[in-house]
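The following exercises are to be worked through with the sequence and the model at hand. Each task is followed by a solution in steps.

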Amino acid sequence: MTNEGLWIASFHGRPQASAQQGASDLERLRRRKDVRLLPLQRQARAILEALPGLGSADYTTGNGSASCTLREQVRDVRPCPEGTAIFGDQGGLRWLDDSWRHSVAVLNRGQDFTDTPPCLLLYGETGQLAHQITLWDPSTWEGFIDLICRHRGCWNCLETRQELPEGPGSEACPAWLLREAWNEARSERDLDLRLEPLGLKRVMALRAMEGLHTIMIDLDCLASLLDDIAEAGLPLHVRLGNQHCTQALEADISAFDKGPRAWEIQMAQTVLTLNPGSIASIWLVAQPAAKSERLRFECYDQKDDQVLTLSGPEDPCPLVQQGWQHLIGRFEAQRFH
């Protein structure tokens, strides 16, 4: 497996040795002998501001169920209330939360990057892989080395903390509290903030609202929908990531390969990989909004964490909106039965 494949495997939660299963992504990487790690400054936002100067690169965001690799050049980096927004020239947008702490430059043991291109990896406080940047173009390597020289850190920067155990969930929370949180929420983020003090994950709210604003669908229905979207040539809005980094993009599906172990969706300069075996539940969600409902498909893993969201474009033209309405009409009918 190439180094690029190893980084992506970390997003999918597949450690390469059973003895290392208890270690974090960062700790497993530090134990490898075939690569050279250069620690960078801890949570240095200046590293992100230097991304436009690196030229075209592969930007990969993911979690244990889905990963997205987008080849583009960063054109703008802006601070936002909860972290940093990174805009790309292919229409990609990602939010990097302020919770990321560690960053390392990854090189092979030799002096030539031909076989193993250099990578920049970002991690959370407990060593969870948050985001990876791979530089395949030799013309970008000089700028990458310059970035390393300007932001060299020490090994103390890579000290990780233990992940705190999750608190017990409130299984006995009254249903009316869930419905109140759902109906009064002004956005997805607002809904999560309302559920947090109740000790509940979002899936419990989806189950409480099933038949009214949500319905559960199976994996075959999702695969059929993706086939139909690709055949109709309709744009798809995708959002996925982890607790430190979220990727959003919108494009047509150019190819959909439903393999036995992984699904691969190609969209413009993007490769979206989905591990269907790790998807525990899929929901069609119609959360009330101020002006109109916007339907989306939300995928959750075994831990009830959201791993992928699919929907129509955020600002569709009438023709695209009509096409999407035709595709999801069969699901909407189930909401009232």
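**Exercise 1: Strand β17**

Task: Determine how far strand β17 (residues 306–311) is enclosed and describe its pairing with strand β10.

Solution: In this predicted model, five of the six residues of β17 are buried, so the strand is largely enclosed by the rest of the structure. Next, consider the pairing: β10 (residues 235–241) runs antiparallel to β17, and four bridges join the two strands. At one position of this pairing, Val238 has Leu310 of β17 as its bridge partner.

**Exercise 2: The faces of helix α4**

Task: Establish which residues of helix α4 (residues 141–150) are buried, and where they lie around the axis.

Solution: The buried residues are Trp141, Phe144, Leu147 and Ile148. Viewed down the helix axis, they fall within an arc of 115°, and therefore line one face of α4. Glu142 and Cys149, on the other side of α4, are exposed. Finally, the packing partners of the buried residues are β1 (35–39), α3 (45–49), β6 (100–108) and β7 (119–124).

**Exercise 3: Positive phi angles**

Task: Locate Ala268 and Asp304, and classify the exposure of Ala268 and of Asp304.

Solution: Most residues other than glycine have a negative phi. Ala268, which is not a glycine, nevertheless has a positive phi of about 55°. Ala268 is in the loop between β13 (263–267) and β14 (270–274). Its relative accessible area is 56%; exposed means over 50%, so Ala268 is exposed.

Asp304, also not a glycine, has a positive phi of about 65°. The loop between β16 (294–300) and β17 holds Asp304. With a relative accessibility of 24%, Asp304 is partly exposed.

Technical notes
Residues numbered from 1 in each chain as written. Predicted model: local features only at pLDDT ≥ 70, side-chain atom pairs only at ≥ 80, totals over all residues. Heavy atoms only, no water. Buried < 20%, exposed > 50% of the residue type's maximum accessible area, 1.4 Å probe, protein only. Arc of directions from axis to C-beta. Contact = heavy atoms within 4.5 Å. Pairing = 2+ DSSP bridges.
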